[in-house]
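Please take the sequence and the model below together, and follow the explanation with both in view. The paragraphs move from one helix to the interior, and then to a cavity and two individual residues.

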Amino acid sequence: MPYAPLQRLPADLVARAAAVRLACFDVDGTLTDGRLHYDHAGNESKAFFVQDGLGLKLLQRAGIEVAMITARASLSAEQRGRDLGIEVQIGVGDKAVAVRELCTRHGLEPSQVAFMGDDLPDLPALLIAGLAVAPANAHPWIAERVHWITTARGGAGAARELCDVLLAAQGSTERVIAGYGA
């Protein structure tokens, strides 16, 4: 059976996904598994899932703006954003303010934003987003307040799952795949 990311989603969720022009992602617990690694000198490192990163790039190629927004001051997140060529906002105190500023800059409404987050610092942005999404491992207080919960966990394909849904809802899947010679 062919991969059909919209197959089990309700029509209202697909409609929300079709309207998205800006996709924002929390970092810790969403683009990573939420664990922080420190070496003996106190340097932080994180593991990012490569398929999630490609999903973010595919969104860009389909004309969807992409941003990473994190409350932590993280050199790892900054570097990942540079590697992917996407905007990264670190040390953000109020993620809803950051989303609104991105909307203003890109001439969008919050209803055109997808936001993926897993814990309380993400809640203000999730509450204003047209499509609020949490990874499977999100804290229950978040999971009960979003439009959709992915089957994959943060740092293990949750972001790619959302990317695939956005691409499919906007009819961009075949064009994206064709870009890879298929």
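**From helix 7 to the interior**

Helix 7 has 12 residues and reaches 17 Å from its first C-alpha to its last, close to the 16 Å expected at 1.5 Å a residue, where the expected span is 1.5 Å times one less than the number of residues. Helices (H or I, at least four residues) and strands (E, at least two) are DSSP runs, numbered from the N terminus. This is a predicted model, in which local features need pLDDT of at least 70 and side-chain atom pairs count only at pLDDT 80 or more, while totals for chains, interfaces and linings use all residues. Residues are numbered from 1 along each chain as its sequence is written, and side-chain values use heavy atoms, with hydrogens and water left out.

Because 12 of the 12 residues of helix 7 are buried, this helix is largely enclosed by the rest of the structure; buried means under 20% relative accessible area, exposed over 50%, and partly exposed in between (1.4 Å probe, protein chains only). The buried residues of helix 7 include Arg160, Glu161 and Asp164, as well as Leu162, Cys163 and Leu166. Just after the helix, Gly171 takes a positive phi of about 70°.

Helix 2 (residues 50–61) also has 12 residues and reaches 17 Å between its first and last C-alpha, close to the expected 16 Å. Its buried residues are Asp52, Gly53, Gly55, Leu56, Leu58 and Leu59, and these pack against strand 1 (22–25), strand 4 (65–69), helix 3 (75–84), helix 7 (158–169) and helix 8 (173–178). Helix 2 is followed by Gly63, whose phi is positive, near 90°.

Both helices enter the largest nonpolar core, a term for a set of buried Ala, Val, Leu, Ile, Met, Phe, Trp, Tyr and Cys residues joined through side-chain atoms within 4.5 Å. This core has 33 residues, and those with the most contacts inside it are Phe25, Leu56, Leu59, Leu131, Leu162 and Leu166. Among the elements that each supply at least two of its residues are helix 1 (11–18), helix 2, strand 7 (131–134) and helix 7, and helix 7 gives the most, with 8 residues. Apart from this core lies another, of 21 residues, among them Cys24, Val92, Ala134 and Ala138.

Leu56 can be followed further: leaving aside neighbours within four places in sequence, Leu56 is in contact (heavy atoms within 4.5 Å) with Phe25, Leu31, Val66, Leu84, Ile86 and Cys163. Leu56 also helps to line the largest cavity, together with Leu31, Phe48, Phe49, Asp52, Gly53, Arg80 and Leu84. The volume of this cavity is about 40 Å³, and the largest share of its lining, 3 residues, comes from helix 2. On a 1 Å grid over the protein atoms alone, a cavity is a set of points where a 1.4 Å probe fits but cannot get out, and lining residues have an atom within 4 Å of a point; grid points are joined across faces, edges and corners, and the volume is the space filled by probe spheres set on the points.

Two further residues complete the path. Ser76, in helix 3, is buried, with a relative accessible area of 18%, and touches Glu44, Ser45, Lys46 and Phe48, not counting residues up to four places away in sequence. Arg72 sits in the loop between strand 4 and helix 3 and is partly exposed, with a relative accessible area of 28%. The C-alpha atoms of Arg72 and Gly93, 21 residues apart along the chain, are separated by 8.9 Å.

Key
On a 1 Å grid over the protein atoms alone, a cavity is a set of points where a 1.4 Å probe fits but cannot get out, and a pocket is an open set with protein on both sides within 12 Å along at least five of seven lines; lining residues have an atom within 4 Å of a point.
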